[in-house]
Amino acid sequence: MKPQAKTTRGHWFAAAAGALLVGGGAVVLFRFPAAPLPAPPQAKSAVELARPALADELLRQETEMRDLRPLFLPTNRNATLPEPKREPGRTILDSEQPKWSFSDGDPQVVRKFPPVATLAGKSVEEAELADALTIEAAESPLLGFGRRRTEISAHSARGGFVEVTVAKDGRRFLAEPLPVAARPPGGKAWAPIELLASIDAAGLACPLVVMEGSQAEEVDNHFKNYLAETFRLGARLPPGYYRITVAP
């Protein structure tokens, strides 16, 4: 029994020594807070409000420059003009004195010109009230408004009127009336017809092309054949392209 007790006692001594070592290492890891250091003495500061005075001109100018009151308060630095007040009995145009370059009287510029409008053969200034009654008996009562008698002469009978212009520059090359035999058959009303012709040294290079018809197909065919065969358009024109217009 004695050897077994010695062995157990040795184990307890080893365990106690290990616990002491672990506890000592844990104590090394922790430390108590240090004592607070005494605060250094602070110098007392005093804030004083500087007031601009006549002696400190720079401070006064800086204070006036940084002053925000003129932005929204009515001060002597506002640029707002006083509201305009209209004086009673006067306007702005009363102060304007017109300077005329001519007299107020009638310059009588048209005195030496012939009258534009006449009344019974007289100018309006010289006409009297009785002259107005003679207008009803006149043959042309509106002569005073620029109307003049026009001589109308009767046109000779014709079958149409042909006009040929150069397609390149629009220069008129030929314009003459057609004989009565050139009228299209049927006596039907027709509108002007416009054709295009291509002429070479031998005459018409191709049949006439209708650019704008007369609203009647038989009239278009009639003038296409008449101008090519009877009127012999290819023999009358030099080589080139032409625009032909045929009107009643």
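How exposed is Glu57, in terms of relative accessible area? I looked this up before anything else. Glu57 has a relative accessible area of 33%, so I noted it as partly exposed. I am working from a predicted model, and every value in these entries is computed from it.

**Entry: salt bridges in helix α2**

I stayed with Glu57 and looked for its partner. The side chain of Glu57 meets that of Arg60 in a salt bridge, at 2.1 Å from N to O. Both residues belong to helix α2, which covers residues 57-65, and they are three residues apart, so about one helical turn separates them. Arg60 has 25% relative accessibility and goes down as partly exposed.

I then checked Glu62. Its salt bridge is with Arg66, and the closest N and O atoms are 3.3 Å apart. I recorded Arg66 as exposed, at 60% relative accessibility. Glu62 is partly exposed, with a relative accessible area of 35%.

**Entry: a salt bridge between strands**

The count of salt bridges for the structure is seven. I looked up one of them away from α2. Arg243 and Glu194 meet through their side chains at 2.6 Å, N to O. This pair links distant parts of the chain, with Arg243 in strand β8, Glu194 in strand β5, and the two positions 49 residues apart. Arg243 is partly exposed at 33% relative accessibility. Glu194 is at 18%, so I entered it as buried, the cut-off for that being under 20%.

**Entry: a buried acid without a partner**

Which side chain of opposite charge is nearest to Asp220? I found Lys224, at 8.1 Å. Asp220 is buried and has no salt bridge; the limit for one is 4 Å, so Lys224 does not qualify. I placed Asp220 in helix α3, residues 217-230. Leaving out residues up to four places away in sequence, I listed its contacts as Ile193, Val210, Gly213 and Ser214.

**Entry: His222**

I moved along helix α3 to His222, which is also found there. Which backbone oxygen does the His222 side chain reach at 2.9 Å? I traced it to Ala182. A polar atom of the same side chain lies 3.5 Å from the backbone oxygen of Arg183. With residues up to four places away in sequence set aside, His222 touches Ala182, Arg183, Pro184 and Pro185.

**Entry: aromatic pairs**

I found two aromatic pairs in the structure. Phe173 and Tyr242 make a tilted pair, 6.0 Å centre to centre with 55° between the planes. Phe173 sits in strand β4 (residues 172-178) and Tyr242 in strand β8 (residues 240-247), so the pair ties together parts that are 69 residues apart in sequence. The burial of the two rings needed separate notes. Phe173 is partly exposed at 35% relative accessibility, whereas Tyr242 is buried at 4%.

I next took Trp190 and Phe223. Their ring centres are 5.0 Å apart and the planes stand at 45°, so I logged this pair as tilted. Trp190 is in the loop between β4 and β5 (193-200) and Phe223 in helix α3, so parts 33 residues apart in sequence are tied together. I marked both Trp190 and Phe223 as buried.

I also checked for a charge over a ring. Arg236 lies over the face of Phe231, at 4.0 Å from the ring centre.

**Entry: the loop between β4 and β5**

Where does Gly186 lie? I placed it in the loop between β4 and β5. Gly186 counts as exposed, at 78% relative accessibility. I looked up its C-alpha separation from Glu218, which is 32 residues away along the chain, and got 9.4 Å.

**Entry: positive phi**

Most residues other than glycine have a negative phi, so I looked up the exceptions. Gln215 has phi near 70°, a positive value in a residue other than glycine. I located Gln215 in the loop between β7 (209-212) and α3. Its relative accessible area is 77%, so I wrote it down as exposed.

Arg232 also has a positive phi, near 50°, and is not a glycine. I located Arg232 in the loop between α3 and α4 (233-236). At 52% relative accessibility, Arg232 counts as exposed, the threshold being over 50%.

Note on methods: Residues numbered from 1 in each chain as written. Predicted model: local features only at pLDDT ≥ 70, side-chain atom pairs only at ≥ 80, totals over all residues. Heavy atoms only, no water. Helix = DSSP H or I, 4+ residues; strand = E, 2+ residues; numbered from the N terminus. Buried < 20%, exposed > 50% of the residue type's maximum accessible area, 1.4 Å probe, protein only. Lys, Arg positive; Asp, Glu negative; His and termini not counted. Contact = heavy atoms within 4.5 Å. Polar contact = N/O pair within 3.5 Å; in protein donor to acceptor, adjacent residues only side chain to side chain. Phe/Tyr/Trp six-rings, centres within 6.5 Å; stacked < 30°, edge-to-face > 60°. Lys NZ or Arg CZ within 6 Å of the ring centre and 35° of its normal.
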